Structure formats: C-alpha cells, structure tokens
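Here are some notes to read alongside the model, taken point by point. They begin with the cysteines and then turn to the ligand and its surroundings.

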Amino acid sequence: MNVGFIGTGSMGSILIESMIRTGALHPADMSAANRTYEKAECLARKYPGLKAVRSNQEAALHSDILFLCVKPKEFKKVIDEIKTVVLPSQLVVSITSPVLIRHLEDHMPCKVAKIIPSITNYVCSGATLVIYGKRVEETDVNTLEGLLKNISKPLKVSEEYTRVCSDLSSCGPAFLSFFIEQFVNAAVEHTGIPKEEATRLASEMVLGTGLLLTQGGFSPESLRERVTVPGGITAEGLRMMSLDLDGTFERLIRATHDKYKEELEKVEGLFYNPAP
Ligand SMILES: NC(=O)c1ccc[n+]([C@@H]2O[C@H](COP(=O)([O-])OP(=O)(O)OC[C@H]3O[C@@H](n4cnc5c(N)ncnc54)[C@H](OP(=O)(O)O)[C@@H]3O)[C@@H](O)[C@H]2O)c1
C-alpha cells in the first residue's frame, strides 16, 4: 500500500514519524510533498526510502491513501492541484476540522475521510477522531483504522461534534499544559522549589491521573471525590478553584466554536465563492 502526505509541518511529520516508528508503514511505501520542499527532503534523509516529491500531484498520483496535512486556508489550492489526478479508488484523508467532508466530496471524485489526530499520537497515545464520507467502503475503514490503531485509539465521531471532540482531544494537550505551566510557575514563585523538580512532579501526576481515568476505573468525579477529604487541604484548593474558574470552560468552548465558525465561513468562501 502506498501512502502519500501533503504537508509535512507539525502534524504531517508527527503522523509520518509515528507510523514509521511503530512499523505501521515502511518508509519505502511513503511519499511526502511540502510547499517548502526542504522540509519533506529532511524527512526523506532521516527515513531512507521515504520519497520527498516536488509537487502535490506527484504525492497524489500513486497513493492508495493520501493525507492532506495543510491548514484550512490552503485546502482549496491543494485540491485544485490534485483533483485532476485523484481517482475514485483512492482515499483522501483530511486532518482539519473546518474543512467538511462535503467540501472534499464536492470537489474530488475520490473517497473521502477526515481524521483529527492529536499530538499525543506522537507517543502512540490518545485518540484519533475519524469521520467518513459517503463513498468510503468497509475495506477503506478497515485499512485506515488499521493504520491509525498503531499510533492511537481511532474513535468514530459525528461531523457535527468534530469541533468539541477536537477541543477535548487535540487542543486538550495545550489546555492541560497551560494549566500545568501556571501551576508549576506559581509553585516555583511561592516556595522556591526548582522548576525542573516541580515540572517533573506535575508531569508524573498527569500521567498517573490519565491512567486512573482510562484504566483505573475512575471517572473525573469519582477520582476527585476519592482524593478530597472533606474539610482538608485538597478541598480548600478545590473551593478556591471552583470560585475562580466559574464559567471558564463554558467561555473556552464558546471561544473555540466562534473561531471554528469564522474559519468554516472562510473555507466555504474559498470553495464556493472564490475571489475572481
Ligand atoms: N498541530 C496539532 O496539534 C493539530 C492537531 C489536529 C489537527 N491539526 C490540523 O492539522 C493541519 C496542519 O496543522 P499543523 O500544525 O501541522 O500546521 P503547520 O505546522 O503549519 O504545517 C502545515 C504544512 O503545510 C505545508 N503547506 C502549506 N501550503 C501547502 C501547499 N499548498 N502544498 C503543500 N504543502 C503546503 C506547510 O509548508 P511550509 O513549510 O512551506 O510552511 C507546512 O509544512 C491544520 O489544519 C490543523 O488544524 C493540527
């Protein structure tokens, strides 16, 4: 099976590298194109056999599966380049939420899917959200999910929930890291504990908490209750947090959805009302 990648930035290269490291794909079966060719060439040097190609059409030509790993505003341009070479038998997989399945199906004759990976896939952890277009067949589902299983837990979601699922799964690592950053900085400032030590403690805590939530039989509520002794120190911290964070997450979800709507409108404009 030949697999092509268009876009070898942050997420494209994470997908490529994770799939090679886990043995899901052999470099000789992969080709990659990127606007700045040197980035794709750099991956080809690191993984002998992987073909860096100079055009998006070349990446598309011989791929059974083609991952589009560019930002939403680049999609129309990329699709205009490849739509004359992609075939109905090929599966094109987008990795971005504001480009909808129908945008891709309306503009290309191939089968279409959308996945939302996460930086956690770099360590073969976390979910990959998966959404299928109407031309996709069962064998495509098995092939794509078979690949993704090597680096993540593929989770089929409905396209209408893509944004909120992406908030939790793909933006989540940034949100959680921000929380840890603030927690650690406050600890360092208030007590003088070395930053490295505080960061290591907090990171181990996140790993352990994740395991308790995924494998330890806890829900977020039951874990919180288990740790919190009424009237104790954790309870005092939580009392303060629930006052200070009141409404924060509602505002966060509103902000990501407003931004998504903006991007979706721009993508719609590019696909259906292109500037003359
Ligand atoms: N980062 C994440 O954690 C994450 C998670 C889930 C989904 N995503 C989605 O993944 C998509 C890519 O994000 P990213 O973080 O990987 O962005 P990025 O680091 O900016 O990578 C985008 C890559 O696309 C290349 N590119 C741009 N236009 C191109 C064109 N016309 N032809 C070929 N290559 C082109 C860029 O090349 P240059 O080298 O020339 O800039 C760049 O290497 C976004 O839509 C994002 O929403 C990201």
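1. This is a predicted model, and the count of disulfides in it comes to zero. The rule behind that count asks for a pair of cysteine sulfur atoms within 2.5 Å.

2. Why does Cys-124 form no such bond? The closest cysteine sulfur to that of Cys-124 belongs to Cys-69, and because the two sulfurs are 16 Å apart, they are too far from each other for a bond. As for its surroundings, Cys-124 has a relative accessible area of 35%, which means that it is partly exposed.

3. Cys-171 is likewise in no disulfide, since the nearest cysteine sulfur, which is that of Cys-165, lies 11 Å away. Cys-171 also counts as partly exposed, with a relative accessibility of 23%.

4. Which residues come closest to the ligand? The ligand is surrounded by 22 residues, and the closest of them are Met-11, Asn-34, Thr-36, Lys-39 and Thr-96.

5. Some contacts with oxygen atoms of the ligand can be followed atom by atom. Asn-34 places a polar side-chain atom 2.8 Å from a ligand oxygen, and Lys-71 has a polar side-chain atom 3.2 Å from a ligand oxygen. With Val-70, in contrast to a side-chain contact, a backbone N or O atom is the partner, at 3.3 Å from an oxygen atom of the ligand.

6. Taken alone, the ligand would expose 910 Å², and the protein buries 80% of that area. The place where the ligand sits is the second largest pocket, and the elements that each give two or more residues to the shell around the ligand are α1 (10–21) and α4 (75–82).

Conventions
Residues numbered from 1 in each chain as written. Predicted model: local features only at pLDDT ≥ 70, side-chain atom pairs only at ≥ 80, totals over all residues. Heavy atoms only, no water. Buried < 20%, exposed > 50% of the residue type's maximum accessible area, 1.4 Å probe, protein only. Near = heavy atom within 4 Å. Polar contact = N/O pair within 3.5 Å; in protein donor to acceptor, adjacent residues only side chain to side chain. Areas by Shrake-Rupley, 256 points an atom, 1.4 Å probe, with all protein chains shown as cover. 1 Å grid on protein atoms, 1.4 Å probe; cavity = no way out; pocket = protein on both sides within 12 Å on 5 of 7 lines; lining within 4 Å. Sits in = over half its atoms within 2 Å of the grid points. Helix = DSSP H or I, 4+ residues; strand = E, 2+ residues; numbered from the N terminus.
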